[in-house]
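Here are some notes to read alongside the structure you are about to open. Keep the viewer at hand and look up each residue as you go.

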Amino acid sequence: MKVFLANPPWHKPGFYGVRAGSRWPHYEREDMEYVPFPFFLGHAAAILVEDGFSTLLVDAVAEHLLEPPFLQTLEAFSPDLVLFEVSTSSIASDLALATELRRRGFAGTLVFAGLHALMYEPGFLQEHPEVDVVLRGEYEYSLRDLCRALRDGKTTETIPGLLLRRGNDLFDTGRRPPIIDLDALPWPARQFLPMLAYHDEPGNLERPSVQLWTSRGCPFRCTFCAWPQIMYGSNSYRTRSVRDVVDEIEWLERAYGFKSFYIDDDTFNVRRQRVVDFCEELLRRRIDLPWASMCRADLMDETLLQTMRRAGLFAVKYGVESASQALLDGMRKNLDVSKAIEVIRYTQKIGIKVHLTFVFGMPGETRESAEETLALALDLFPESLQFTIATPFPGSLLFRELEAAGKIETYDFDRYDGFHTAVMGTEGLPREELQAFVADANRRWQHARYGVC
């Protein structure tokens, strides 16, 4: 049995779509270089290879493949099963590609997986007969079990984590429990992928750089966050062993010659002692690579930061989101903004570069609170930052709350990119004003940081 997995094409003139591997699907300009690694696809492919399936993984986004050459590659492989990792922002494009694949004669099993909660409803398969199966959330083992059943002619209706069609009948087998033993997952099948095409280098980490996951999940409950709520279905926090992570780092340096690494966990520093153990293991093995990680500022302290710096920490991403404590409390960030500012300044003081994220337009936002957040961002003057527009991805608590209040202004998911287009506003900052404010905020930041407009 032959299995084709893909991060399918998603382009429009002058832009490419960021989907697989991204918590915030959106379009990037063609001259930008943010390309996240597709971890779910990578692990899924590795599991299939380990299980003996003839497998091909293609990341059309990283390779900048347009639809014609992508389909040529797929058809040349002649798969029995095709999986597309999709997202809310790209769903129209993904469905159009699925329809085209059927039009061209593909008669095998077509599977969707990824960050689009509305396809987890049985009605999705009724509306889109071109799709046979949807894998819900964290899908690696669900895909393996589906492939085994199809290969062996066994029933698929009892495999957890699936929505599927059999004739006129629809089956929902529920959500598969989260993967607890992350060390049991084989490392991602990077051999299929253009490894030098992936870029996420906070603080201008030295290239070539590689992205890693050392954990999955997050115990915090930000209302806007998509992955814990949609992909994991819970706030379960699970970790790989320090030994397994550092083994992978050593192998990646040896196999590919990477000169730095970025830990793209939802929240790397949830467990302080684990971070310390990780740093000590890097030092013990004399791994002399600069690295970065995504962390919560309020879980840091001076001693921990010094320990991480000694182990090579070069840069850190912190999610601040707003200067307004009331807005932070409303989005359930559970962050003390004063503590965050104190930690950010200390991080910078000891020579660790900082990347900060802020979100504008959460419920309760006003022009005044947005200006306050922008002023804080400019005052902190990080190495780099990210301004996003609050976007209620289906499946998030933010979406459910707004939909219940009748405040979802559009279901045109092409507009749900969170960077260029606002799909919701607040009483104090209507949608059009919010969109214009964030565009102006980006110009003001570019001028302040780089002297350009």
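The points below go through strands, aromatic rings, a cavity and a pocket in turn.

1. A word on the model. Please keep in mind that this is a predicted model. The values in these notes are computed from that model.

2. A small sheet near the start of the numbering. Begin with the open sheet of three strands, whose order is β2-β3-β4 and whose pairing is antiparallel. The edges are taken by β2 (11–12) and β4 (26–29); each has a single partner strand, so one side of each has no neighbour in the sheet. Next, follow β3, which covers residues 15–18 and pairs with β4 over four bridges in the antiparallel sense. If you would like one bridge to check by eye, pick phenylalanine 15, whose partner in β4 is arginine 29.

3. Strand β14 and its partners. This strand spans residues 260–263, and its side chains point two ways: Ser260 and Tyr262 to one side, Phe261 and Ile263 to the other. Are these residues buried or exposed? All four are buried, whichever way they point. β14 pairs in the parallel sense with β11 (residues 209–212) over four bridges, and here serine 209 stands opposite serine 260. β14 also pairs with β15 (residues 291–295), again in the parallel sense, this time over three bridges. In that pairing, isoleucine 263 has serine 293 of β15 as its bridge partner.

4. A β-α-β unit. Now trace the chain from β14 through helix α8 (residues 272–284) to β15: together they make a β-α-β unit. Which hand does the unit have? It is right-handed.

5. Aromatic pairs. A pair of aromatic rings is described by the distance of the centres and the angle of the planes. In this model the count comes to 31 aromatic pairs. Take phenylalanine 70 and phenylalanine 84: their ring centres are 6.1 Å apart and their planes meet at 50°, so this pair is tilted. The pair links distant parts of the chain, with phenylalanine 70 in helix α2 (residues 67–77) and phenylalanine 84 in strand β6 (residues 81–87), 14 residues apart. Phenylalanine 70 is buried, at a relative accessible area of 0%, and phenylalanine 84 is buried with a value of 0% too.

6. A second pair to look at. Phenylalanine 268 and tryptophan 291 form an edge-to-face pair, with 6.0 Å from centre to centre and 80° between the planes. Why does this pair tie together separate parts of the sequence? Phenylalanine 268 lies in the loop between β14 and α8, while tryptophan 291 belongs to strand β15, so the pair joins parts that are 23 residues apart in sequence. Both phenylalanine 268 and tryptophan 291 are buried.

7. A ring cluster and the largest cavity. Ring pairs also link Phe37, Phe39, Phe40, Tyr139, Tyr198, Trp213, Trp227 and Tyr232 into a cluster. Keep Phe39 and Trp213 highlighted, as both reappear in the lining of the largest cavity. How many cavities of 30 Å³ or more does a search of the whole structure find? The search finds six, and the largest holds about 80 Å³ of space. Its lining also includes His43, Leu182, Arg190 and Glu248. At least two lining residues come from each of α1 (39–50) and β12 (215–216). By type, the lining has five nonpolar, three polar and four charged residues.

8. The second largest pocket. This pocket has a volume of about 270 Å³. Of its 17 lining residues, Pro363, Leu402, Lys407, Gly425 and Thr426 lie nearest the centre. Both α10 (325–330) and α13 (397–404) supply at least two residues of the lining, and α13 gives the most, with three. The lining divides into eight nonpolar, five polar and four charged residues.

9. One last residue to try. Threonine 239 sits in strand β13 (residues 238–239). With a relative accessibility of 22%, threonine 239 counts as partly exposed, because buried requires a value under 20%. Its C-alpha atom and that of leucine 305 are separated by 20 Å, and the two residues are 66 residues apart along the chain.

Notes
Residues are numbered from 1 along each chain as its sequence is written. This is a predicted model: local features need pLDDT of at least 70, side-chain atom pairs count only at pLDDT 80 or more; totals for chains, interfaces and linings use all residues. Side-chain values use heavy atoms; hydrogens and water are left out. On a 1 Å grid over the protein atoms alone, a cavity is a set of points where a 1.4 Å probe fits but cannot get out, and a pocket is an open set with protein on both sides within 12 Å along at least five of seven lines; lining residues have an atom within 4 Å of a point. Grid points are joined across faces, edges and corners, and a volume is the space filled by probe spheres set on the points. Ala, Val, Leu, Ile, Met, Phe, Trp, Tyr, Cys and Pro count as nonpolar, Asp, Glu, Lys and Arg as charged, and the others, Gly among them, as polar. Two strands pair if DSSP finds at least two bridges between them. Buried means under 20% relative accessible area, exposed over 50%, partly exposed in between (1.4 Å probe, protein chains only). A crossover is right-handed if, with the strands pointing away from the viewer, the path from the first strand over the helix to the second runs clockwise. Rings of Phe, Tyr and Trp (its six-membered ring) pair if their centres lie within 6.5 Å; planes under 30 degrees apart count as stacked, over 60 as edge-to-face and the rest as tilted.
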